[in-house]
Amino acid sequence: MANFPCDPLPHLPPGTSIVEPGPLRTKRSYVVVGGDLPVACDDWAIATLAPEIDAAEYDGASAIIADYLEHRGLTVCHTTRCGMGTALVQFVSSCDRDTAVESCLHMIGDTVLRFVNQDRGINYRDATFTHDVWLMLVNYPLECWQVDTVVKTMTPYGRFLIWSKDNSNKARIVVKIRAYNVDTLPLSIVVLQNSSDNGFGGSWTCPTYILSRNLIGAMGGDEDPILPDGENPHPMPNVFNGFWHDLHNDFHANPDLVPVVIDVENGNVEVIQIPDTPEQHPNINLNELPKDHEGLVATVIANSQDIFPKLDNAQIVGASCKLVDIQGDNGLVRKCFLQV
């Protein structure tokens, strides 16, 4: 939100006045309008004269601005009052608007004229949406089960993304939004309806639950450097006895980071260092091998206290378990590998 002075009096419709706010008036409220805005305004700009011109002199000031622009070859289509400057100016094209904005300061006698884009006035601030959130609204009224109404329901809380519509359970709706502030999402959302001109209406209270929230905006990291001497950036995976791992490049960058496989067979624990991409056996179809290796997995878990002392106090950066059948001298041999 932006805090700035505002004089509403020059903009009042004839015969109206300002009603002073009471103590219950909300100081701040949000409306999320979604992705692309519905109206293109690329040919509008805010024009500001300094020293500031009194609002009563708007007509004369707008004439000065239009005349100055005409002499510079920039045609003005329309001018109107502005709450953040002297006038809102519509140019004949967005190119003319950008030309006026990029020219920075214009001098008209002792007066300075400045243009900014219509959407970059003193009321503009950045807004950061932090989380994608799944919400469940229980007892959402059946009369509101259409996309437009669900979108309007979510407008104060974030950008509507997905409605996971499930007609088999009419007791709730499940909606995904991009939340502006996940910590201020309400415990209840009240849907209001005005049903008549005399002010009568109704409301439905929907208990609201956060099912998950995922932080957005995580960076992907810098690009990897180009490998020297024409080295292939996409080598074959490092495979040991049918076990694939994805730390191949890290071993070259950090010699202290060494892959280790604990081979558990018949209750014996053996620590084996993985060499660089040994000979592979492409004719083995692991998808056709038996899947019942629960006994081997149980053996790995049971021997875990014997495994880690063999690592010589090495720092463990990750671990995974792989069940494979490998080609031996006497045919296929079933083994369980724990890579750390």
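**Exercises: a surface valine and a five-stranded sheet**

Valine 33 is exposed (over 50% relative accessible area, 1.4 Å probe, protein chains only), at a relative accessible area of 59%. This is a predicted model, where local features need pLDDT of at least 70, side-chain atom pairs count only at pLDDT 80 or more, and totals for chains, interfaces and linings use all residues. Residues are numbered from 1 along each chain as its sequence is written, and side-chain values use heavy atoms, leaving out hydrogens and water.

**Exercise 1.** Find the place of valine 33 along the chain.

*Solution.* Look for strand 1 (44-50); valine 33 sits in the segment before that strand. Strands here are DSSP runs of E with at least two residues, and helices are H or I runs of at least four, numbered from the N terminus.

**Exercise 2.** Work out the strand order of the open sheet and which strands stand at the edges.

*Solution.* Start with the order: five strands go 2-3-1-5-4, with antiparallel pairing (pairing takes at least two DSSP bridges). Next, the ends: strand 2 (76-80) and strand 4 (105-108) each have a single partner strand, so one side of each lacks a neighbour in the sheet. Then zoom in: strand 1 and strand 3 (residues 87-91) pair antiparallel over four bridges, and tryptophan 44 stands opposite glutamine 90 in strand 3.

**Exercise 3.** Say which strands helix 2 lies across, and at what angle it runs to strand 5.

*Solution.* Pick out helix 2 at residues 94-102. Now list the strands: helix 2 lies across strand 1, strand 3, strand 4 and strand 5 (contact means heavy atoms within 4.5 Å). Finally, the angle to strand 5 is about 130 degrees, with axes fitted to C-alpha atoms, for helices over the stretch in contact, and angles from 0 to 180 degrees between N-to-C directions.

Methods
Buried < 20%, exposed > 50% of the residue type's maximum accessible area, 1.4 Å probe, protein only. Contact = heavy atoms within 4.5 Å.
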